[in-house]
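Let's walk through this structure together, with the sequence and the coordinates side by side. Keep the viewer open as you read, and pick out each residue when its turn comes.

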Amino acid sequence: METGRRKGLSGVLSSLSLLCVVLDLQLDGVFGATPVEIEQHLEMGRKLLAAGQLAEALSHYHSAVEGDSKNYLTYYKRAAVFLAMGRSKSALPDLTRAIQLKPDFLPARLQRGNILLKQGNTQEAREDFQAVLSGDAGHEEATSQLLKVEELEKLQREAHSAHRKGDYMATITVLDRVIELSPWDPESRELRAECFIRLGDSRKAIQDLLPTTRLRNDNRAAFLLLSTLYYGLGEHQEALSQVRECLKLDQDDRECFSHYKQVKKISKQLDSAEQLISDHRYQQAIEKYESIMKTEPSVPYYTNRAKERICHCLVKNQRTREALDVCSEAHQRDPRNINILRDRAEAYILNQDYEKAVGDYQEAREFDGDNQEIREGLERAQKLLKQSRKRDYYKILGVHRSANKQEIIKAYRKLAQQWHPDNFQSESDKKEAEKKFIDIASAKEVLTDPEMRQKFDAGEDPLDPESQHGGGEGGHGWPFDFNPFGSGGNFHFRFHHN
């Protein structure tokens, strides 16, 4: 039994001995770098840093620090790489460690003071600059930075005083200089963002809040506020992106999750509505946008957007009166929206109100003079207005611009029977009837021919004598034998000219 115990003890000691050897080898590989190897890492780091290869330089400085954790210079040099990479938060611990190892190392004190000043930490920054001046009373940079510390503290007090009084413009003006001195201070940016929000400038608030998500750890409040601001601007995809960042930090955050569900729902509805418009399913798109207004009644953007797109769909469906009502309401909500002006102009064209169509296109052009679609629309509306003052085939037949071929032929037959020259006795009445009848026949010819109708709808009269080479008075050389009712007519007639 005693022999068995001895053997067991001997086995444990052997295992411990082996473990020590392995650990010794591992530690020797990590921490046992020779001074020559450390110097090689420092030299390579210096060369790579000079060449701008920051990531590779950092790797060598990591090795140098691991090889000699008591050398203040290795920490200081690694901090320099972090600063070159824009990673001031990573540089700060290295500078602090260098100061701990060598309290009178003034360059580290100066660098740390500069970082603390940019972070808005005036008290600690002052201590570092004063320490530099204690070792070197004539140090120009430390003297200059100390003055900035005093200026920053004064400005911070002024900003908070103006904010408490509700003078947000004055607060912003002071904070502009505060942030110039301390660009890495999240508190100042958050305060300025709040002022912009109160003044209704969400875009500038977003510009201030975005950096704070990097300047503060676990800044869920900033991600949620950013998402809310983007949502209010109608940028639902960016709103989704920001609230997802919040949930990455804490998937159980109730406020972020609740907001995420709302943004996700409205985003899905908007994408669906736009797809319906792309598929020319305008009535379904109208219904979808009506449901969007119910989903989000409290954010003006979504009601405005819904009205704009319903206006567009009604024009596409040629529901003229409804389109004019909705487009006019949308225009009141968003007077500078060129899409609404364009769509209302098209509704006016459908309603044969060309002067108002020209007016809307001209207004849209004032807001965006480079927009090709607006320029072309204005030219077309002007042609139609000019055309309407000459001869409007739709008005001649008394049909709507959206009338189909069957409706056009029906209107033509009714008017042709009414104005047939044989229905009139006196010579003057017959001449008037012949003129009317020619206009009616011309209207039927143009509006039942797809190519000619397309030209007319674009503002060009295919029967205009000005566009007909060699055309004479009347604009169209009708043959003397003419069947006004086509194959469905019951009688023929012949013009008689003196």
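**Cysteines, charges and a loop**

Cys 195 has a relative accessibility of 0%, so this residue counts as buried. Cys 313 is not part of any disulfide, and the nearest cysteine sulfur, which belongs to Cys 311, is 9.0 Å away. Like many a residue you will meet on this tour, Cys 313 deserves a look at its surroundings: with a relative accessible area of 0%, Cys 313 is buried. Please bear in mind throughout that the model is a predicted one.

Now for the wider view. The protein chain has 498 residues, and 41% of them count as buried. Its secondary structure comes to 24 helices and two strands. If you take the contacts in the chain with a separation of 6 or more, 52% of them are between residues 24 or more positions apart. On the outside, the chain exposes about 28,100 Å², and carbon and sulfur atoms supply 49% of that area.

Let's go back to the cysteines that do pair up. A disulfide is a covalent bond between the sulfur atoms of two cysteines. How many disulfides does the structure hold? It holds two. Counting bonded cysteines along the chain, the disulfides follow the pattern 1-2, 3-4.

One of them joins Cys 246 and Cys 256, with their sulfur atoms 1.9 Å apart. The link of Cys 246 and Cys 256 is right-handed, with 85 degrees about the S-S bond. Where do the two ends sit? Cys 246 belongs to helix 13 (residues 236-249) and Cys 256 to helix 14 (residues 254-278), so this disulfide ties together parts that are ten residues apart in sequence. Cys 246 and Cys 256 are both buried.

The disulfide of Cys 311 and Cys 327 has its sulfur atoms 2.0 Å apart. Here Cys 311 lies in helix 16 (residues 300-316) and Cys 327 in helix 17 (residues 320-333), so the pair ties together parts that are 16 residues apart in sequence. Is the disulfide of Cys 311 and Cys 327 left-handed or right-handed? The torsion about its S-S bond is about 90 degrees, so the disulfide is right-handed. As for solvent, Cys 311 and Cys 327 are both buried.

Next come the charged side chains. Side chains of opposite charge can pair when their charged atoms come close. The structure holds 33 salt bridges, and a few of them are worth visiting one at a time.

Start with Arg 112 and Asp 128, which form a salt bridge with their closest N and O atoms 2.8 Å apart. This pair links distant parts of the chain, since Arg 112 is in helix 6 (residues 106-118) and Asp 128 is in helix 7 (residues 122-135), 16 residues apart. Are these two partners buried or exposed? Arg 112 has a relative accessibility of 15% and therefore counts as buried. Asp 128, at 1%, counts as buried too.

A salt bridge within one helix makes a good next stop. Glu 180 and Arg 177 meet through their side chains at 2.9 Å, N to O. Both residues lie in helix 9 (residues 168-181), three residues apart, which is about one turn of the helix. Glu 180 counts as exposed because its relative accessibility is 58%, while Arg 177 counts as partly exposed at 27%.

Then turn to Arg 305 and Glu 274, whose side chains meet in a salt bridge at 3.6 Å, N to O. Arg 305 lies in helix 16 and Glu 274 in helix 14, so the pair ties together parts that are 31 residues apart in sequence. Glu 274 is partly exposed, its relative accessible area being 23%. Elsewhere, salt bridges that share partners join Asp 176, Arg 189, Arg 192 and Asp 208 into one network.

The last stop is a loop residue. Thr 448 is found in the loop between helix 23 (427-447) and helix 24 (450-457). With a relative accessible area of 16%, Thr 448 is buried. A polar atom of the Thr 448 side chain lies 2.5 Å from the backbone oxygen of Lys 444. Which residues does Thr 448 contact, leaving aside its neighbours within four places in sequence? They are Lys 405, Ile 408 and Ile 409.

Technical notes. Residues numbered from 1 in each chain as written. Predicted model: local features only at pLDDT ≥ 70, side-chain atom pairs only at ≥ 80, totals over all residues. Heavy atoms only, no water. Disulfide = S-S within 2.5 Å. Helix = DSSP H or I, 4+ residues; strand = E, 2+ residues; numbered from the N terminus. Buried < 20%, exposed > 50% of the residue type's maximum accessible area, 1.4 Å probe, protein only. Salt bridge = Lys/Arg side-chain N within 4 Å of Asp/Glu carboxyl O. Contact = heavy atoms within 4.5 Å. Areas by Shrake-Rupley, 256 points an atom, 1.4 Å probe, with all protein chains shown as cover. Polar contact = N/O pair within 3.5 Å; in protein donor to acceptor, adjacent residues only side chain to side chain.
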